[in-house]
Each structure stands twice: as structure tokens, then as C-alpha cells.
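Biologist: Could you take one spot in this protein and walk me through it closely? After that, I'd like to hear about the sheet as well.

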Amino acid sequence: MQSIKLTYPITETDSHTVTEPQVMAIGEFDGLHLGHQEVIKRALTTAKHLRTPAAIMTFHPHPKEVLGQQKYTQLLTPVDQKRRMLERMGVDTMYLVSFNPDFMQLTPEQFVENVLIPMKVNTVIVGFDFNFGYRGAGTPDTLCELAQGRFAVEVVRPYQQGGVKVSSTLVREHLQKGEIEEANALLGRRYTVEGTVVNGDGRGRTIGFPTANINLAESFVIPALGVYAVQVTIDGEKFNAVMNVGKKPTFVADLERPTLEAHLFDFSRTIYGSAISVEFIAFLRPERKFSAVDELIAQIRRDADRAKSILTALENN
């Protein structure tokens with residue numbers, strides 16, 4: 001899959017990278033949840049029918065971050081992870097558009113004339129709630145009107161699960177409450193973060209539960225503080241684990257940022273510097289402060305046993 005960065009205004013050099021008409025799905029696609037997957041699958045199906053490439057146009061930074069909503073500095077699927085997922089889905093090209101002040105000021109008409117037309121779109125695929133142009137003035141109906149027969153527009157209906165519309169906002173809300181199973185159901189996959197194993201303070205080893213301390217590779221949404229049953233992948237090999245997401249209140253006062261520490265079961269290798277991905281399976285309990293280290297150790301032992309039980313049952317199903 002090609003990955004091409006675009007900055008407005010689109011130059012002749014940019015447009016010359018497009019050698020043939022293409023089907024293009026447009027959206028932020030943060031999370032690539034089941035609703036997003038419906039839009040992308042429609043693009044892939046239409047592209048196959050027309051025998052043209054299938055492309056995705058997405059944006060960075062998140063438009064809502066640029067508009068001042070700071071929680072969107074953390075993403076469900078940061079750029080690199082999103083790129084790999086789209087490639088696995090079979091997308092031919094991902095266009096990553098810089099959502100800068102110039103781009104924000106585009107009218108719907110300018111977006112069509114100065115962005116879509118130069119990119120030789122044959123068909124544009126959008127979700128039912130797609131908005132574009134300054135202050136989101138453009139809608140799917142606007143897009144159809146502005147196409148003027150130069151490209152087709154396909155609008156994908158809302159994807160619902162249990163009578164509720166699947167959305168990135170709803171996924172975030174579930175994660176922030178520790179509702180991992182509910183978030184995973186909307187994603188159609190396990191919520192996954194990625195990073196590198198780094199040196200920690202070594203305290204886990206001294207109390208009998210050595211941990212892999214994870215430095216996140218990108219700015220991921222971090223689920224609710226607490227303890228989770230997880231599966232981690234290192235060098236292509238998957239391991240069951242229990243992980244604490246938190247600020248270590250038993251040992252540290254007012255830690256600024258939460259840490260991610262995974263205790264891998266039946267594991268003794270040295271993995272500092274290794275790439276690691278973590279799939280969240282189940283929320284076990286909120287983080288809490290213990291009055292004594294022995295009390296903490298006893299609770300970790302119970303957490304590990306419960307995580308093992310959950311993960312073993314999962315593997316046997």
C-alpha cells in the first residue's frame with residue numbers, strides 16, 4: 001500500500017502521483033470500528049467492480065484536536081497503526097491530509113474543485129454523517145450536488161449494534177469506563193496499543209512479579225486506570241499477561257502520567273528494547289492504594305489468577 005502525505009493546496013506534483021481514476025473513501029476513521037469498516041469495505045467492493053484502485057483519504061491531526069478538543073490528541077488508531085490496518089484490509093493508497101488552518105478554511109466547493117477533482121476520483125464513499133468544508137457546512141447531499149456528474153457518490157448507512165449507532169465517541173466512552181468487552185464489540189477486534197519495552201524502577205521483580213514497562217509508540221487513548229487481563233505480542237509470539245494501567249499510588253504520590261506494566265505469565269526472557277503490542281481482553285478492577293506491600297502482593301496474586309482463568313477460558317473456546 002502506498003502512503004502519501006498531502007498538504008493543501010494540492011500541487012501538480014501531488015496530482016501527478018494519481019495515474020488513473022480511483023475509488024476513494026473519506027473520513028477520519030479513528031478506531032476503524034465496525035461502522036468505518038463498512039465504509040471501507042464498500043470502497044473495496046466498488047473498486048473491484050470498476051477495476052480501479054481503492055484509496056482512503058484521512059486527516060492528521062484529528063480535526064477535533066485542531067478545533068480545540070484536547071482529548072483528541074490521544075487516538076484509538078494513531079497514524080502508523082491505522083496505516084498497517086488499512087493495508088491488511090486491502091487498500092491500495094492512503095492519503096494523509098494535513099488538517100491545517102488553510103485546509104480548515106476550505107468551502108465545500110473548494111474541497112471538491114481543489115482537492116477531489118485533482119485526485120481523479122471516480123467514486124467517493126462516505127458515511128451518512130460525513131461533513132466537510134468550513135465549519136462542516138458540506139454534507140453527503142452537498143457532495144452529490146457538487147459532483148455534477150464528474151464522480152459518483154455512495155453514502156453508507158449508519159452501522160448499529162444492539163440498536164445503538166457504532167461510533168468512535170462511544171468506543172472512547174467505553175474505554176474510559178474500563179468497559180473493554182463493550183469497546184471491543186464495537187471495534188470488531190481487541191483494542192490494541194503498541195510500544196517498546198523500557199526499563200522501569202524494578203520494583204515488580206523485587207515483589208515477585210516482574211513486569212514489562214511499556215513506552216507507547218504513539219499517542220493512544222489509554223483506558224481507565226486499573227488492572228486488565230491482556231495478551232501481548234513480542235517478536236511475533238503471543239503471551240498471556242496481567243497488566244496494570246495506573247499511577248502506582250502505593251509507592252508514588254501524584255505521578256503525572258499513567259504507566260503501563262504487564263506481567264507475562266511463565267516468562268523469563270530479557271526483552272528491553274523489544275517492540276510490544278497489547279490487546280485488552282477484560283477489566284479486572286480499578287487501581288487502588290494499598291496500606292502495605294504485603295497487601296498489594298496478595299492482590300496481584302489474585303489478579304494474576306483471575307487473568308489466567310479468563311485467558312485460558314478464552315483460548316479453550
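Modeller: Sure, let's start with a side-chain pair: the side chain of Asn240 makes a polar contact with that of Glu315 at 3.0 Å (a polar contact being N or O atoms within 3.5 Å, where within protein one must be able to donate a hydrogen and the other to accept it, and residues adjacent in sequence count only if both atoms are side-chain atoms). Bear in mind that this is a predicted model, where local features need pLDDT of at least 70, side-chain atom pairs count only at pLDDT 80 or more, and totals for chains, interfaces and linings use all residues. Residues are numbered from 1 along each chain as its sequence is written, and side-chain values use heavy atoms, with hydrogens and water left out.

Asn240 sits in strand 12, residues 237–246 (strands are DSSP runs of E, at least two residues; helices are H or I, at least four; both are numbered from the N terminus). Asn240 counts as buried because its relative accessibility is 16%, the cut-off for buried being under 20% relative accessible area with a 1.4 Å probe, protein chains only. Beyond neighbours within four places in sequence, Asn240 is in contact with residues including His263, Phe265 and Leu311 (contact means heavy atoms within 4.5 Å).

Now the sheet: 6 strands form an open, parallel sheet in the order 1-4-3-2-5-6, where pairing takes at least two DSSP bridges between two strands. Its edge strands are strand 1 (2–6) and strand 6 (152–156), each pairing on one side only. Strand 5 (residues 121–127) pairs with strand 6 over 5 bridges, and Val124 stands opposite Val153 in strand 6.

Terms used
Buried < 20%, exposed > 50% of the residue type's maximum accessible area, 1.4 Å probe, protein only.
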